[in-house]
Amino acid sequence: MNALITGASKGIGRAIAFELASRGYSLFLTARSAHELEDLRLELLGKTSCKQVHCHACDLTDWKQIDALSESVLQTMSPLYALINNAGRFQPGNILDEAPGNMEGMMRINFESAYHLTRAVLPMMLAHKRGHIFNMCSVASLEAYPGGSSYCISKFALLGFSKCLREELKHSGIKVTAVMPGATWSDSWKGVDLPKERLMEAEDVARAIGCAIDMGPSAVVEEIIMRPQAGDL
Ligand SMILES: NC(=O)c1ccc[n+]([C@@H]2O[C@H](COP(=O)([O-])OP(=O)(O)OC[C@H]3O[C@@H](n4cnc5c(N)ncnc54)[C@H](OP(=O)(O)O)[C@@H]3O)[C@@H](O)[C@H]2O)c1
């Protein structure tokens, strides 16, 4: 089966790539950095039994590049079974004093890119009447916290999108899962002085996705909420 993973080059996306490779999926990976994708492709082919890994470097904040990406997926990875909308970024800020454009920038990559990419690839999934879409939300989709307002706003939007999509696709054979992890080690936490065990491992988030994708056709995991054992930071 074929899976498209956005933001696959690092962190949680990279862990999902290894998880799905170990489950026998053929992978289509995207991120902006072509050389990081190529390094990952070689690592996946060398370390797992995965036979097919396609990479396509693109910026998901550019809708023309999303159209080109979906065309490339159609040509090389049809039928597409899984879409993992994972790419995103965290930029701190409060509504009253953040830099102009902070909110718009995060809305574009954290929510709008998932909306546009899903619309672009959904027709090919609908044609096969089966598939699974994962949207990488966050515990910030559930609760607001100071210092991360626009990130929360964008992740609330992504959860809203995920819930609407789930309703629309209930009778289509396509599953929709919102994934809401708490703090998870990745580049976005680089330099933070905390004990290793205080944050979750990206591999654990990936494992939860692996379990959800393995359910039989009559069941869907609608939401996955995960937190560090010691709670939110
Ligand atoms: N880590 C956490 O604590 C945590 C908790 C909850 C939710 N999340 C969510 O999980 C997802 C992954 O987070 P992470 O911590 O693993 O992040 P990360 O390590 O910073 O990786 C982000 C990935 O997204 C790609 N990306 C960023 N901007 C992009 C753009 N404009 N176009 C295309 N690709 C882009 C990056 O590659 P390039 O830079 O090469 O483009 C990279 O592959 C995000 O949606 C994040 O909000 C993270």
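Start by selecting Pro79, which sits in the loop between α3 (63-76) and β4 (80-85). This is a predicted model, and the stops below follow what its coordinates show. With Pro79 on screen, add Ser78 and look at the bond that joins the two: the peptide bond from Ser78 to Pro79 is cis, with omega near 0°. Most peptide bonds are trans.

**A backbone stop at Lys129**

Next, select Lys129, in the loop between α4 (102-128) and β5 (131-136). What is the sign of phi at Lys129? Phi there is positive, near 55°, and the residue is not a glycine. Most residues other than glycine have a negative phi. Turn on the surface and Lys129 shows as exposed, with a relative accessible area of 61%.

**The ligand**

Now centre the view on the ligand. The space that the ligand takes up is the largest pocket. Two elements each give two or more residues to the shell around the ligand: α1 (11-22) and α5 (149-169). Colour both helices before going on to single residues.

Which residues come nearest to the ligand, out of the 30 around it? Select Ser9, Arg32, Tyr151, Ser186 and Trp189. Show them as sticks, then look at individual atom pairs:

- Asn86: a polar backbone atom lies 2.8 Å from an oxygen atom of the ligand.
- Thr184: here too the backbone takes part, with an N or O atom 2.8 Å from a ligand oxygen.
- Ser188: the side chain supplies the N or O atom, at 2.9 Å from an oxygen of the ligand.

How much of the ligand does the protein cover? On its own the ligand has 890 Å² of accessible area, and the protein covers 91% of that.

**Salt bridges**

Leave the ligand and show the charged side chains. How many salt bridges does a search of the whole structure find? The count is 15, and three of the pairs are visited here, followed by a network.

Begin with Glu19 and Arg23. Their closest N and O atoms are 2.6 Å apart, forming a salt bridge. Is Glu19 buried or exposed? Glu19 counts as buried because its relative accessibility is 12%, under the 20% cut-off. Its partner Arg23 is partly exposed, with a relative accessible area of 30%.

Move to Arg227 and Asp232, another salt bridge, with the closest N and O atoms 3.0 Å apart. Both side chains belong to partly exposed residues: Arg227 has a relative accessible area of 33%, and Asp232 has 36%. For the network, select Arg14, Glu43 and Lys47 together; salt bridges with shared partners join these three residues into one network.

**Last stop: Glu201**

Select Lys196 and Glu201, whose side chains meet in a salt bridge at 2.5 Å, N to O. Lys196 counts as exposed, at 55% relative accessibility. Glu201 counts as partly exposed, at 28%.

Glu201 lies in the loop between β6 (174-181) and α6 (202-213). Keep it selected and add Met215. How far apart in space are Glu201 and Met215, which are 14 residues apart in sequence? Draw the distance from C-alpha to C-alpha, and the viewer should give 23 Å.

Terms used. Residues numbered from 1 in each chain as written. Predicted model: local features only at pLDDT ≥ 70, side-chain atom pairs only at ≥ 80, totals over all residues. Heavy atoms only, no water. Salt bridge = Lys/Arg side-chain N within 4 Å of Asp/Glu carboxyl O. Buried < 20%, exposed > 50% of the residue type's maximum accessible area, 1.4 Å probe, protein only. Near = heavy atom within 4 Å. Polar contact = N/O pair within 3.5 Å; in protein donor to acceptor, adjacent residues only side chain to side chain. Areas by Shrake-Rupley, 256 points an atom, 1.4 Å probe, with all protein chains shown as cover. 1 Å grid on protein atoms, 1.4 Å probe; cavity = no way out; pocket = protein on both sides within 12 Å on 5 of 7 lines; lining within 4 Å. Sits in = over half its atoms within 2 Å of the grid points. Helix = DSSP H or I, 4+ residues; strand = E, 2+ residues; numbered from the N terminus.
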